[in-house]
Amino acid sequence: WLHRRYKNKTVINVDTLSQKFADNEHVNLKTLKEKKMIHPNVDYIKILGRGTLNKCLFVEANAFSADAVKMIVLTGGHAIKFVHEKHPSIHLVPHHK
């Protein structure tokens, strides 16, 4: 239901990330826009598992397919799910005295 709140969505496949990013690079809204891989107004990214990923990447996106997560993790990278600042998630942190 949350993804409906985003107006400018896009999907990117892991094979495209593999072509455009170097080993151990971070993939997120900012780096995708810097490389002109997505429109500047995009505010929601889903990573899909088409193709192959042959390097370690640290990928931050709103959503991932199960195959995409599997490929990212198997190459030593991290798949980090985030919520855009327009719709922040709530994190409960215990208070320590």
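Where in the chain does Asn28 lie? Asn28 belongs to the loop between β2 and α2, and the legends below describe this and other sites of a predicted model.

**Figure 1. Overall course of the chain in the predicted model.** The chain contains three helices and six strands. Followed along the sequence, these elements give the pattern β-α-β-α-β-β-β-α-β. The chain has 97 residues, of which 38% count as buried. Among the contacts in the chain with a separation of 6 or more, 47% come from residues 24 or more positions apart.

**Figure 2. Surroundings of Asn28 in the loop between β2 and α2.** Asn28 counts as buried because its relative accessibility is 17%, under the 20% limit for that class. From this loop, the side chain of Asn28 reaches the backbone nitrogen of Lys30 at 3.0 Å. When neighbours within four places in sequence are left aside, Asn28 is in contact with Ile45 and Glu60.

**Figure 3. The open sheet of three parallel strands.** The strand order is β1-β3-β5. The edge positions are taken by β1 (residues 9–13) and β5 (residues 63–64), each of which pairs on one side only. Strand β3, spanning residues 44–48, pairs with β5 in the parallel sense over two bridges. Within this part of the sheet, Ile47 has Phe64 of β5 as its bridge partner.

**Figure 4. The largest nonpolar core, with 20 residues.** Leu17, Leu32, Ile45, Ile47 and Val59 are the residues with the most contacts inside this core. At least two residues of the core are supplied by each of α1, α2, β3, β4 (57–61) and α3 (66–74). Not counting residues up to four places away in sequence, Leu17 touches Ile12, Val27, Leu32, Met37, Ile47, Leu57 and Val59. In soluble globular proteins, nonpolar side chains tend to be buried together.

**Figure 5. Lys33 of helix α2 and its contacts.** Lys33 has a relative accessible area of 29% and is therefore partly exposed. Apart from residues up to four places away in sequence, Lys33 touches Ile38, His39, Pro40 and Val42.

**Figure 6. Two residues other than glycine with positive phi, Asn24 and Lys36.** Asn24 has a phi near 70 degrees and lies in the loop between α1 (14–20) and β2 (25–27). For Lys36, phi is about 55 degrees, and the residue is placed in the loop between α2 (29–34) and β3. How exposed is Asn24? Asn24 counts as partly exposed because its relative accessibility is 43%. Lys36, by contrast, counts as exposed because its relative accessibility is 73%, over the 50% limit.

**Figure 7. The charged end of Lys35 over the ring of Phe21.** The charged end of Lys35 sits 4.7 Å from the centre of the Phe21 ring. How many aromatic pairs does the structure hold? The number of aromatic pairs in the structure is zero.

How values were computed. Residues numbered from 1 in each chain as written. Predicted model: local features only at pLDDT ≥ 70, side-chain atom pairs only at ≥ 80, totals over all residues. Heavy atoms only, no water. Pairing = 2+ DSSP bridges. Helix = DSSP H or I, 4+ residues; strand = E, 2+ residues; numbered from the N terminus. Buried < 20%, exposed > 50% of the residue type's maximum accessible area, 1.4 Å probe, protein only. Core = buried A, V, L, I, M, F, W, Y, C linked by side-chain atoms within 4.5 Å. Contact = heavy atoms within 4.5 Å. Polar contact = N/O pair within 3.5 Å; in protein donor to acceptor, adjacent residues only side chain to side chain. Phe/Tyr/Trp six-rings, centres within 6.5 Å; stacked < 30°, edge-to-face > 60°. Lys NZ or Arg CZ within 6 Å of the ring centre and 35° of its normal.
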